[in-house]
Amino acid sequence: MKKSFLLFLFGIAFTLTGFAQTIVKGSVLDGTTGEPIPDVTITIEETGQTTQTNASGEFSFASNVPLGEQVLKVEKVGYVTKRYPIIVNEGQTVDISGMTLDYDQSDKKDLFVISISDDNLNSEDDGLTDNISGLLQASRDAFLNAAAFDFSATFFRPRGLDNANGKVLINGIEMNKQFNGRPQWGNWGGLNDVQRNQEFSMGMSANDYNFGDLAGTNNIIMRASKYREGGRVSYASANRSYTGRVMASYSSGLLKGGWSYSVLGSRRYGNEGFIDGTLYDANSLFVAVEKQLNENHSLNFTGIYASNRRGRSTAITEEVFNLKGREYNPFWGYQNGEIRNSRIREINEPILMLNHYWDISSKVRLNTNVAYQFGEIANTRIDNNGTRLVVTNGESAYIGGARNPTPEYYQNLPSFFLQDANPTAYDYQQAFLAQRAFVNDGQLDWNNIYGANAIIRANGGNSIYALQSDVIDDTQITFNSILDAELAENIRLNASVNYRTLNSENYARIEDLLGGTGYLDIDAFAEIEDGQVAAGQLENLAQSNVRTPNRIATEGDRYKYNYEIDADVFSAFAQAQFKYNKVDFYVGANVSQTSYQRIGLYENGYFPGEESFGPSEKLDFSNYGIKGGATYKVTGKHLIDVNASYFTKAPSIRNSFGNARQSNETVIGLESEKIQSVDLSYIFRSPIVKARLTGFYSGFEDGTDIGFFFTESSSGFFVQEIQTGIEKRHLGAELGIEAQVTPTIKLKGAASVGQYLYTNNPNVYYTSADLENPLTYGSGKTYLENYHVAGGPERAFQVGFEYRDPDFWNVGVTSNFFSNAYTDVSALKRSDAFNIDTELIPEEEFAQGGNISGSTFNDYNDEVARGLLEQEQFEDYMLVNIIGGKSWRIDDYFVGFFATINNVFNKQYRTGGFEQSRRVDYRSQLEEQNNPNGPVFGNRYFYGNGTTYYLNVYVRF
């Protein structure tokens, strides 16, 4: 099958004759300033031929131009698209200089920034940052626009893909993180005004900069000479993430001497967004300076500093939702009358880049870039395991530790007291008191935390509570060189070489001792979980770093874990694009070499010597990919487009080391992921109607995933769950259509119907500091085949309209319907751990690890089990959004506003969720799911926002 698939890719080649030669040329000017606009896309709609304007705003089609009545489509992101009718006669030159484009006053890009860059940084679960809508904002495709601006609030994923399946570039340099493969949107947040010039290639279609990925490639051009001259000052008010934003920017345009520059500064702020306690504190600075050295060479410097400090929230159970509502966030509480969130995510990672542009000739261009990024991402949380060392008769013991201070901890909720089959009157009384306390308060008690530390301090002890940051401190250098060569009038060659080297320091840091004097750097659970070890060994076992035993950490110190990851990636890419009168096609290929190595800076007590200290095994991955595609022009209005690819992809750093915080262990059976895809589209375009209908398929093999959680199924261990050999199939269709029924009214619609399933039963094993060896259950498989891959609704539909008045005001309404969204299933629950009666297995056998097999529960019932293992599907829902704006010209100034209202009818809905893996065996699930008072460890859910607004007022000059 693989051979036939590869032959199919290489079989996309056609040779056809051209049209009669003639010339169409012209220029495009800014409708307000009269200045030429570079990089405008000009399309002859009859043939789909495209070109772009140069620095002087000029363009030309010199061959293969169709005769007769034609329509030129003129478009650029940030401007309103226009169409110009022309008549082409054989052997003549058509000169349409002076076409104009008007600046798009709707400012719709701000929708992207507040919906994706901000909201995706809000959740405790980093999985929420996997929405790909940010990749799609530069597209003019009707469906992708709906996905970016209306479907994004539901965490809808086009084609079931997350943003690790897409590429984000700035000035041709890839910005995806090597840790998880995803772009870190916060690194360039708050820079709306200088991010309007973008180039998007859909899926695996031809891209001028790199090989691409399934979710597409978006290149943000932040080059000084590409910004139109002028400035902009704006203020925004919202209630979704930040409550206020001020922004000012100015671009010089091309100055005498070949200089140009662009600067921007912005601030976003808020005590909380729609979710309680989610503070927002962000400042962004941008500068770009370019010097045109001569006609052929230009040098550009771009600097970005976008600091972002956010209060986080988390998924909640249905019990908590019913008691506190969707705005509830357990991570905050009042301290001295002010809201303080214990889970703060802070990003400080400046980006510096130097870009050299060389026009070797009129047909060959070489762009060479180097980028340097440094800084840290820190996520805080409360560490409640502080202890003190007590030595009695030569025996060491660690005394202390504190109860989990999280207010929605399961022992604080009514369900905990009503979990027995027949609760007593006392149980009901305790449940009532718990409910009353939670409803009336239910927030983090900072006073209690400080008070507990004060008592211990007065008695000469260490802090039992401390505020910890998990820090990723990266230093990365990227180099690439990108070639664009016109080999013939209808043949283009794109090629690039890329190299990235990363040094990533990872450690825990004491941010605040919360009124205490110091924090003993040991594992407080060592005594509890490993009390059976021989005398004298416990003290070593408990150490975070055996080489500095019983160290007292103070504020600013590293503790718990401390290691580095070195990563190097080299890749090369080549692509040829061919354009003919009836068919355009392309073929491309890439190769890459990836290596990772962990260097332990602490010798962990559980993993002595080289198991945790010093360099790990070096992981190397050699990868390759091929792709091809074609567009067949049935007529000027009807096109057939096909794209296909096969490529391999190295696992991310996150999925390569089983427990990187404590040991050098690498994932057993780790392989590169194999991906194949094909999509087929029918495209219709006329001056009135534009539509695209696409069927798509993507197949994934040898995927890897690692999860971390506490489970009672292994005698109560905190485990790392490692799945390998994951296979998935994404299959579906999408439709986008819009009709300009009058010069002022546009109707639009979009639809996506998909099915995203696991297609095999992956391998799964468990590791833990409490286990001598990796642990498996029964067959060592998790039975996920035919379960849905979680990640937003599989079906989404939209109908809407836009009205744009000639007096520069506009309004639009969309209705959006969503269905077929599912919880993320527990792999442990669907392994043989579900049916093995582990109570019959001694704890010592669990501690040894290896394979756990045993008797099935004596009351096990297959039909009941199927019901307990059924994947939860969320309820369908519909969201209505309104958008509108108005602008005025006052002398040389433009004043306007832009506003949106999302979820107009305040619909309550779930955007995602996951099953907990704490109690997953058959008998426990019977108790959990059949308890009339609700489960103790029920599914956790993310809830969408209620009615939210965004208002932007601006002055442009």
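User: Which residue in S38 stands opposite Gln 720?

Analyst: Thr 767 stands there. Before going on, know the ground rules. This is a predicted model: local features need pLDDT of at least 70, side-chain atom pairs count only at pLDDT 80 or more, and totals for chains, interfaces and linings use all residues. Residues are numbered from 1 along each chain as its sequence is written, and side-chain values use heavy atoms, leaving out hydrogens and water.

User: How many bridges pair S36 with strand S38, and in which sense?

Analyst: The general idea first. Strands of a sheet pair through backbone hydrogen bonds, either parallel or antiparallel. Two strands pair here if DSSP finds at least two bridges between them. Strands are DSSP runs of E, at least two residues, and helices are runs of H or I, at least four; both are numbered from the N terminus. Now the case. S36 and S38 (residues 763-767) pair over five bridges in the antiparallel sense.

User: How many bridges join strand S35 to strand S36?

Analyst: Count 21 bridges between S35 (residues 689-711) and S36 (residues 717-740), again antiparallel. To check the register, find Thr 694: Glu 734 in S36 stands opposite.

User: What do S36 and S37 form?

Analyst: A hairpin, with four residues between the two strands. S37 covers residues 745-758, and 13 bridges join S36 to S37 in an antiparallel run. One bridge pair is Gln 740 with Lys 746 of S37.

User: How should I read a strand order? Which strands are at the edge of the sheet S9-S8-S11-S10?

Analyst: That is an open sheet of four strands with mixed pairing. Its edge strands are S9 (173-174) and S10 (198-201), each pairing on one side only. S10 runs antiparallel to S11 (residues 217-220), with four bridges joining them. In that pair, Glu 199 stands opposite Asn 219 in S11.

User: What is the strand order of the open sheet of three strands?

Analyst: The order is S17-S46-S45, and the pairing is antiparallel. S17 (316-317) and S45 (910-914) are the edge strands, each paired on one side only. Two bridges pair S17 with S46 (residues 940-943). Ile 316 stands opposite Tyr 941 in S46.

User: Now burial. Is Tyr 209 buried or exposed?

Analyst: Start from the cut-offs. Buried means under 20% relative accessible area, exposed over 50%, and partly exposed in between (1.4 Å probe, protein chains only). Tyr 209 has a relative accessible area of 17%, so the residue is buried. Look for Tyr 209 in the loop between S10 and S11.

User: Which residues is Tyr 209 in contact with?

Analyst: Contact means heavy atoms within 4.5 Å. Beyond its neighbours within four places in sequence, Tyr 209 touches residues including Leu 169, Glu 199, Asn 219, Ile 482 and Phe 573. Glu 199 and Asn 219 are the opposite pair of S10 and S11. Sequence distance can mislead. Val 497 is 288 residues from Tyr 209 along the chain, yet their C-alpha atoms are separated by 9.8 Å.

User: Where does Asn 590 lie?

Analyst: In strand S30 (residues 583-600). Asn 590 counts as buried because its relative accessibility is 17%. Among its contacts outside the four-place window are Phe 211, Phe 573 and Tyr 624.

User: What is the phi of Leu 514?

Analyst: Most residues other than glycine have a negative phi, and most peptide bonds are trans. Leu 514 has a positive phi of about 55°. Leu 514 sits in the loop between S26 (491-512) and S27 (519-520). At 0% relative accessibility, Leu 514 is buried. Asn 786 also has a positive phi, near 75°. Asn 786 is in the loop between S39 (775-777) and S40 (795-805). Asn 786 is exposed, at 55% relative accessible area.

User: Zoom out. How many helices and strands are in the protein?

Analyst: There are 13 helices and 47 strands. The radius of gyration, taken over C-alpha atoms, is compared with a globule rule of 2.2 Å times the number of residues to the power 0.38. The protein's value is 30 Å, close to the 30 Å the rule gives for 957 residues, so it is as compact as a globular protein of that length. Along the principal axes, the C-alpha atoms fill a box of roughly 100 × 60 × 55 Å. Of the 957 residues, 58% count as buried.
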